[in-house]
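Colleague: I should like to go through this structure with you, step by step. May I begin once it is shown?

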Amino acid sequence: RLQGKEETAGAECGFLQRLYQFLHHSSSPALPGPPSRFLIGNMMEMTHDHMPSHLTNLAQRYGNIYRLKCGSTTLVVLNSGEVIREALVKKWSDFAGRPASYTGDIVSGGGRNISLGDYTEEWRAHRRVVHSALLRCCQQSLHGVIERQALHLRKVLMDYQGTAADLSEDFTVAASNVITTLAFGKEYDKTSSELQELHSCLNEIVGLWGSSWISALDSFPLLRKLPNPVFARLLKEVARRDEIIKQHLRDYKLQDNKKADAIMGSLLQAFEKQNNAEQGQLLTDVHVHMTTVDLLIGGTETTAAWLNWTVAFLLHRPEVQTRVYEELCTVLEERYPKYSDRHRLPVLSSVISEVLRLRPVAPLAVPHRAIRDSSIAGYFIPKNTVIIPNLFGAHHDPAVWSEPYSFKPERFLEGGGGSARSLMPFGGGARLCLGESLAKMELFLFTAYLLRDFEFILPERGAPLPDLTGLASVVLKIEAYRVVARPRPLTEP
Ligand code: HEM
């Protein structure tokens, strides 16, 4: 009888929920969006090479909030700072979920990493523990770790002896070493086969996962029955990644003198404490494993891509590079900068903000999911709607930024009209980038060290400037280009 009563109550609840949705839906306007085709909906809109700029162009026609249909899923694309803030910050608890995804589960150990895990009690415990381990590590050793890598990068650039090179790999090694030192107390040389294997595999996974061959599998389950060589490659790379990371964790656990301040040490201890306190196995070895993936993917490709963009933009406006150099010489005299110097280096800070504005390296953030019925900008948003925060679009919104497509760092200087508040390269709310503080210190110190010691110039007079369009996947990267890092007169540390 009890079960019967519960079923009746459940049915009433479901009925009331549908009635509530119906009333809300019918009293709020329908979301605009391109016409949806039979069966495929707006899938064709999702196959563009440069999704961030395509979605931004659609906003000119359909407004700052519009919908796209993919199979049975409705995506809502947010294209201005105002609507993104409303969803991610003001109504964070409505939109903190991540969409369930067949391919996402494969790359995230069944949704047990931070970036793709849904908003559950387990996820909150995981993020809390990693956040405090990261914070502790950052307070204790981050500055020194970045300084060491910045000086190493300086040596690598010196070794080019003024010849032209593609620096992207050097930036990747520098950013990756910051993370591996923090995580395991381990750093690599550019020629290390272990490092190369790890990055080729992570790069492949990020590239493959962003491809439309893979995302189609999420929207159209029937496609999973057909042979798909791209998907087969993804599975192979995920297996390779897991083997490499398992080896790293095994090596770390075997170390006699485990780096006490390494994130892994804090994590293993914190997980144990947490599990004892909760008297259950909320967090497992899989979470430690997936945290490593989160930190390596989140912390390497993003920072490295951003450094590569910065050099490219400065090649386009060499006079800005000169102003930063002059500021560094005047303010610091002959010493290297500390993070605490940032408020005394407004020109350098303005370059950092402007590159983050023009090329937010995670241009569409990571998709969010409505975990309950809600609304954005007066439109009814039913539970399970997928939300795409188009950060690229918000950073190019002509209502907020004058000449939005021009590289003008001076907009962030006093009286320049640019507002740092309107920038949101790290997202916001419950899903704010976990590495924001770490990334900000890296961007500042790496750029300050590089621009103090080198002038970046084109390989020869009349050589083409780097193409600033970018290759957009999960991370927005610049197409490979070559540059000369010419040592400045003031280069002795
Ligand atoms: C220039 C550097 C970086 C940028 C622009 C950036 C940007 C972002 C953005 C936009 C998101 C998605 C936020 C959302 O879903 O609303 C994100 C998430 C994340 N980032 Fe970063 N990131 C950077 C560096 C880093 C670093 C250095 C780390 C690691 C140490 C990191 C780790 C993560 C993680 C773990 C998440 C997932 C957070 C969650 O789902 O709760 N990121 N990042």
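Colleague: At what angle do helix 5 and helix 6 pack?

Modeller: This is a predicted model, in which local features need pLDDT of at least 70, side-chain atom pairs count only at pLDDT 80 or more, and totals for chains, interfaces and linings use all residues. Residues are numbered from 1 along each chain as its sequence is written. Helices (H or I, at least four residues) and strands (E, at least two) are DSSP runs, numbered from the N terminus. The axes of helix 5 (residues 121-159) and helix 6 (residues 168-184) lie 9 Å apart, and the packing angle is about 150°.

Colleague: Is helix 5 roughly parallel or roughly antiparallel to helix 6?

Modeller: Angles under 35 degrees count as roughly parallel, over 145 as roughly antiparallel, 65 to 115 as roughly perpendicular and the rest as oblique. The two helices pack at about 150°. Therefore helix 5 is, relative to helix 6, roughly antiparallel.

Colleague: Which strands stand at the edges of the open sheet?

Modeller: Two strands pair if DSSP finds at least two bridges between them. The open sheet has 4 strands in the order 1-2-6-3, with mixed pairing. Each edge strand has a single partner, so one side of it is left without a neighbour in the sheet; these are strand 1 (65-70) and strand 3 (368-369).

Colleague: Which residue in strand 6 stands opposite Arg369?

Modeller: Strand 3 and strand 6 (residues 386-389) run antiparallel and are joined by 2 bridges. Opposite Arg369 in strand 6 stands Val386.

How values were computed. Axes fitted to C-alpha atoms, helices over the stretch in contact; angles between N-to-C directions.
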